[in-house]
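Q: Please take me through this structure, and explain as you go why each term is used.

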Amino acid sequence: MIAALLVTLSSISLPIVTGFTAVAVTQSIAAIAGAVFAPAISAITLGLVGPKLFAKRVGRNEAFNHAGNAVSAALAGVLAWKFGPVVVFWLMGALTVASIVTASRIDNDDIDNAVARGLDCEPEDDCEEPSGWKMLIENKPLMIFAVTAFLFHLANAAMLTSVSQLLSRTVGKDQATSLTAACIVAAQLVMVPVAIVVGRNTEKWGTKPLFLVAFGFLAARGALYTVSDNPWWLVGVQALDGVGAGIFGALFPVVIADLTKGTGRFNVSQGAVASVQGLGAALSATLAGAIIVWSGYTASFLTLATIAGLGLALYLIAMPETKDRAKTAA
C-alpha cells in the first residue's frame, strides 16, 4: 500500500515539478517503489494458498494483472483524447485508491508468513535455513535461471521501443503513438488467456517446456519484424509478446518457489533474480539503439532474436525441470 502511494505521488507530481533533477528524482522513487509489487504479491500469494496451489493462483494473478494493464491503457487513451493528457495522472490517483481499498481487504492473519518465505515448517521448530548468499551462490539451477531471465529481457525489452521508433519513421509520429498503444493493448489481451492456461497446466506440463515455448515465440518475434515494415504487420507481430511475456510472468515466481522450496529464501531469491533480469532490460535498449544507429532496424531485430535463441539453447541444455525437482525434494 505504501509502494502504491509512492508510485502515484511521484507520478502525479509530474505536471507540477520542473527541471531534469526533480523529474529524475520523482521517477526514481516511483521505480524503486514499483519494484516492490511483483515480489510482494508473489509472497502474499504463496502465504495464502501454499505451494500446491501456487502456480494456478499466480496464473490467475497474472491474468488479472494484464487485464488491468489493458483496461487502464484503454481508459487513459480515451480520457486523454477527450479531456487532455493531464487526466491520465488523475486516473492513476483513482486507481491507486481502488488498489489500496482492495489490499486492505486482505486479512494479514490469513497469510502464513513461514510459507510465504518458502519454509515448509514453522521457524520455532528450528528449521534449517541457509544464508541468503549461500542460497544464491550454491544453487546452480537458480543461477542458470537468473542468466536465462537476463537473456530473455535483454532480447525482449527493446523490441517494443524499437517497433515504436520504426512506426514513427514509416507512418509519422502522431499515428505511431496510436499504433504503439494498440501494440501494448493487443499484447496485454493475449497475455490474459495465456497466463490462465499456463497457471492451470503447469503441474501437468512442467515449467521447462513452457519456458522453451516462451523463448521460441520471443525469437520468432525478432525475426518476423524484419519481414515487413507494414504498420499492421508490426502490430500483429508485437501481439506475440503476449505469449512469451505471458508465460514468463506466470512462471517466474513458480520456478523460483520450486528451486527454493523449504529453504525460507524464496523472497531474497526473487529479488536477486529480478535484479539480474532488470539489468538485462536496462541494457536491451542501449544495445538495440546502438545497432539501429550502426546497421539499421533489421540488424537490431535479428540480434535480439539471436539473443533469445541463445536463451532458449541455455534453458534447453542446462536448466532442469523444476516440477520434477520439487516433487523429488518433497
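Contacts, burial and rings

A: Ile247 is in contact, which means heavy atoms within 4.5 Å, with Val194, Val198, Leu210, Phe211, Val213 and Ala214, if neighbours within four places in sequence are left aside. This is a predicted model, in which local features need pLDDT of at least 70 and side-chain atom pairs count only at pLDDT 80 or more, while totals for chains, interfaces and linings use all residues. Residues are numbered from 1 along each chain as its sequence is written, and side-chain values use heavy atoms, with hydrogens and water left out.

Q: How many helices and strands does the chain have, and what makes a run of residues one or the other?
A: Helices (H or I, at least four residues) and strands (E, at least two) are DSSP runs, numbered from the N terminus. On that basis the chain comes to 15 helices and zero strands.

Q: How do you know whether the chain agrees with a compact globule?
A: The rule for a globule is 2.2 Å times the number of residues to the power 0.38, and the radius of gyration is taken over C-alpha atoms. For 330 residues a compact globule would have a value near 20 Å, and because the chain has 20 Å, the two agree. Along the principal axes, the C-alpha trace spans about 65 × 45 × 35 Å. Of the contacts with a separation of 6 or more, 78% join residues 24 or more positions apart.

Q: Why is Thr260 called buried or exposed?
A: A residue is buried under 20% relative accessible area, exposed over 50% and partly exposed in between (1.4 Å probe, protein chains only). Thr260 has 0% relative accessibility and therefore counts as buried. Thr260 lies in the loop between helix 12 (241-259) and helix 13 (266-295), and its contacts beyond four places in sequence include Gly118, Met135 and Phe266.

Q: What makes the link between Thr260 and Ile256 a polar contact?
A: A polar contact is a pair of N or O atoms within 3.5 Å; within protein, one must be able to donate a hydrogen and the other to accept it, and residues adjacent in sequence count only if both atoms are side-chain atoms. The side chain of Thr260 reaches the backbone oxygen of Ile256 at 2.7 Å, so the distance falls within that cut-off.

Q: How do you know whether Phe266 is buried or exposed?
A: Phe266 has a relative accessible area of 0%, and so Phe266 is buried. Phe266 lies in helix 13 and touches, among others, Phe54, Gly118, Pro253 and Thr260. The C-alpha atoms of Phe266 and Leu119, 147 residues apart along the chain, are separated by 8.4 Å.

Q: Why is Gln238 in helix 11 counted as buried, and what does its side chain reach?
A: Gln238 is found in helix 11 and counts as buried because its relative accessibility is 1%. The side chain of Gln238 makes a polar contact of 3.1 Å with the side chain of Arg221. Among the other buried residues of helix 11 (231-239) are Pro231, Leu234 and Val235.

Q: Why is the pair of Phe211 and Tyr315 called stacked?
A: Rings of Phe, Tyr and Trp (its six-membered ring) pair if their centres lie within 6.5 Å; planes under 30 degrees apart count as stacked, over 60 as edge-to-face and the rest as tilted. A search of the whole structure finds 10 such pairs. One of them, Phe152 with Phe248, is stacked at 4.6 Å centre to centre and 20° between the planes. This pair links helix 8 (residues 140-171) with helix 12, 96 residues apart. Phe211 and Tyr315 have ring centres 5.0 Å apart and planes at 25°, so this pair is stacked too. Phe211 lies in helix 10 (residues 207-224) and Tyr315 in helix 14 (residues 297-318), so the pair ties together parts 104 residues apart in sequence.

Q: What makes a group of residues a nonpolar core, and which residues have the most contacts inside the largest one?
A: A nonpolar core is a set of buried Ala, Val, Leu, Ile, Met, Phe, Trp, Tyr and Cys residues joined through side-chain atoms within 4.5 Å. The largest has 57 residues, and those with the most contacts inside it are Phe145, Phe211, Ile247, Val273 and Tyr315. Helix 8 supplies the largest share of this core, 14 residues.
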